[in-house]
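Student: Please take a single part of this model and go through it closely. I would like to see how one loop residue is placed, and then what lies around it.

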Amino acid sequence: MSQPPTLIEEEEAGPPPLRARRALLKRLADVVSLPASRINAFERSVVGDLLVDMLRLAWPEERRRVAGRLAALAELPDALARLLLRDEIEIAQVLIEQCAALSDADLVACARDAGSEHRRVMAARRGLSEIVCETLVGFGEPEVIETLLRNSTARLSQAGIETVVALSRTHPGLCGGLLKRPELRPSGAYVMFWWCGADDRRTILQRFGVSRDVMQEVAEDVFPMAASEGWADPVARKALQFIERRQRNRAAIEKSPFDSLEQAVATAARDGLSREIASEIAYLSGIKPLTGAKILGDAGGEPLAILCKATGLSKTDVHNLWRSMRRPEVQPDGSVHPDWERVQITYDLLAVDRAQTVLRYWNWSLSSALTPALLQAIRAGDDEQVDEYSAPERAAMLALAEDFGR
């Protein structure tokens with residue numbers, strides 16, 4: 001009778017047979033998959049605990065098979081979900097993509113505890129809720145956010161959209177995906193305009209250059225009321241300034257050394273655009289010098305066209321203002337410079353009322369919203385306090401951050 005092999009002999013013979021383990025894993029997974037009519041919640045939980053204990057020591061291929069078996073379940077034991085969702089991406093992916101039993105809490109916990117690849121796969125999952133999307137956006141990973149923006153079934157909250165708008169300042173590649181989202185509002189689009197590319201800027205103007213006709217109709221009789229009160233209420237005055245049809249500041253003409261906005265532009269074209277003339281152009285246009293400086297300093301030039309269209313300046317005035325800034329009109333080969341061409345196209349693209357909406361929102365957000373607390377937040381880069389501010393204030397924080405050395 002032969003003696004049983006020693007431990008060393010067993011190791012030399014190779015790994016033990018795994019048929020029993022594989023069969024047991026499959027059977028336990030089948031039990032967990034039984035309908036509620038066959039197994040109650042407590043029994044399912046106990047079986048799930050045993051399965052978890054086995055899977056901790058199982059090979060990756062075995063865990064992947066179990067994950068594939070469980071993906072179709074409408075109910076999944078919590079411990080089992082936690083284990084498999086944090087496993088290697090090849091194993092977790094099938095659950096993340098297909099398992100309807102996963103709750104928002106499961107997905108949020110996975111996003112926080114697993115890696116960026118798990119989050120990227122999750123971003124493509126159908127029917128993501130606002131809370132899951134906010135969690136994914138909060139990691140600030142461009143590839144994950146790009147995937148999320150392409151997911152038409154995901155629901156993004158306004159807080160999530162605003163976070164992505166802020167991230168797009170340093171990751172301009174996000175702008176295109178953002179502009180396709182139905183959740184994006186004009187407040188986000190107008191501020192994003194400052195760092196978007198030329199094509200995205202045109203999209204913003206075409207989609208978000210809205211009219212103020214309805215506001216003007218409902219507020220028509222409010223203007224004489226406010227005038228009779230001497231415009232004493234700053235809240236009403238600020239809102240009516242945004243709504244009114246007239247863009248130019250008539251009161252500024254009385255104090256200006258120029259007889260009109262056109263004369264100021266012509267002088268700038270002749271003598272060059274000094275800081276003083278730029279401020280006068282801003283005042284005469286009905287905007288603050290800070291807004292005017294942002295517009296005139298823009299590298300692309302489209303804001304200049306918006307300013308001119310909103311204030312009723314002619315194409316000749318646009319040309320004069322462009323020349324006053326010493327901006328190129330032609331390229332070395334004699335063709336029209338792309339920047340100058342975009343300015344002309346933008347001018348022709350927008351109706352006056354829509355150009356005024358964009359311009360007034362910029363002026364509202366870039367100047368009126370600049371409270372001392374906001375200025376301090378811009379300088380300090382205090383993103384954590386952003387929820388304390390209104391939509392135009394948040395726009396100002398984003399658009400002016402670079403101007404304040406942030």
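Tutor: A polar contact is a pair of N or O atoms within 3.5 Å, and within protein one of the two must be able to donate a hydrogen and the other to accept it. Keep that cut-off in mind, and keep in mind also that this is a predicted model.

The residue to look at is Ser157, in the loop between α10 (142-150) and α11 (158-167). Is Ser157 buried or exposed? Its relative accessibility is 14%. Buried means under 20%, so Ser157 counts as buried although it sits in a loop.

Which side chain does that of Ser157 meet in a polar contact? The partner is Glu134, and the two side chains are joined at 2.6 Å, which falls within the 3.5 Å limit. Along the chain, Ser157 and Glu134 are 23 residues apart, yet their C-alpha atoms are separated by 7.3 Å. Leaving out residues up to four places away in sequence, Ser157 touches Glu134 and also Glu130.

Now move to helix α9 (residues 130-138), where Val137 is found. Val137 has a relative accessibility of 3%, so it counts as buried. Not counting residues up to four places away in sequence, Val137 touches Ile145, Leu148, Leu156, Gly160, Thr163, Val164 and Leu167. One of these, Leu156, is 19 residues from Val137 in sequence, while the C-alpha atoms of the pair are 9.5 Å apart in space.

Thr135 belongs to α9 as well. At 12% relative accessibility, Thr135 is also counted as buried. Its side chain reaches the backbone oxygen of Ile131 at 2.9 Å. Apart from neighbours within four places in sequence, Thr135 is in contact with Val108, Ala111 and Arg112. Thr135 and Val137 thus have separate lists of contacts: Val108 is among those of Thr135, and Gly160 is among those of Val137.

Next comes α11, the helix at the far end of the loop that holds Ser157. The buried residues in α11 are Gly160, Ile161, Val164, Val165 and Leu167. Why are these residues said to share a side of α11? They cover an arc of only 160 degrees around the axis, and this puts them on the same side of the helix. Three names should be familiar, since Gly160, Val164 and Leu167 are also touched by Val137 of α9.

A further helix, α6 (residues 89-98), can be read in a similar way. Its buried residues are Ile89, Ile91, Ala92, Val94, Leu95 and Ile96. What covers these buried residues includes α4 (60-70), α5 (78-85), α7 (104-113) and α8 (116-123).

It helps to set this part against the whole. The protein chain has 27 helices and zero strands. Of its 406 residues, 46% are buried. Among contacts between residues at least 6 apart in sequence, 64% join residues at least 24 apart.

Other loops give a contrast with Ser157. Trp231, in the loop between α16 (222-228) and α17, has a phi near 55 degrees, a positive value in a residue other than glycine. Its relative accessibility is 35%, so Trp231 counts as partly exposed. Arg326 lies in the loop between α23 (315-324) and α24 (338-349). It too has a positive phi, of about 60 degrees, although it is not a glycine. At 58% relative accessibility, Arg326 counts as exposed. Ser157, by comparison, stands at 14% and is buried.

One more feature lies along the chain: the largest pocket, with a volume of about 690 Å³. It is lined by 23 residues, of which Gln241, Glu244, Asn249, Gly286 and Asn363 lie nearest its centre. Helices α17 (234-243), α18 (250-255) and α25 (352-368) each supply at least two lining residues. The largest share, six residues, comes from α17. By class, the lining has nine nonpolar, six polar and eight charged residues.

To return to the starting point, Ser157 is a buried loop residue whose side chain is joined to that of Glu134 by a polar contact of 2.6 Å.

Key: Residues are numbered from 1 along each chain as its sequence is written. This is a predicted model: local features need pLDDT of at least 70, side-chain atom pairs count only at pLDDT 80 or more; totals for chains, interfaces and linings use all residues. Side-chain values use heavy atoms; hydrogens and water are left out. On a 1 Å grid over the protein atoms alone, a cavity is a set of points where a 1.4 Å probe fits but cannot get out, and a pocket is an open set with protein on both sides within 12 Å along at least five of seven lines; lining residues have an atom within 4 Å of a point. Grid points are joined across faces, edges and corners, and a volume is the space filled by probe spheres set on the points. Helices (H or I, at least four residues) and strands (E, at least two) are DSSP runs, numbered from the N terminus. Ala, Val, Leu, Ile, Met, Phe, Trp, Tyr, Cys and Pro count as nonpolar, Asp, Glu, Lys and Arg as charged, and the others, Gly among them, as polar. Buried means under 20% relative accessible area, exposed over 50%, partly exposed in between (1.4 Å probe, protein chains only). Contact means heavy atoms within 4.5 Å. The arc is that of the directions from the helix axis to the C-beta atoms.
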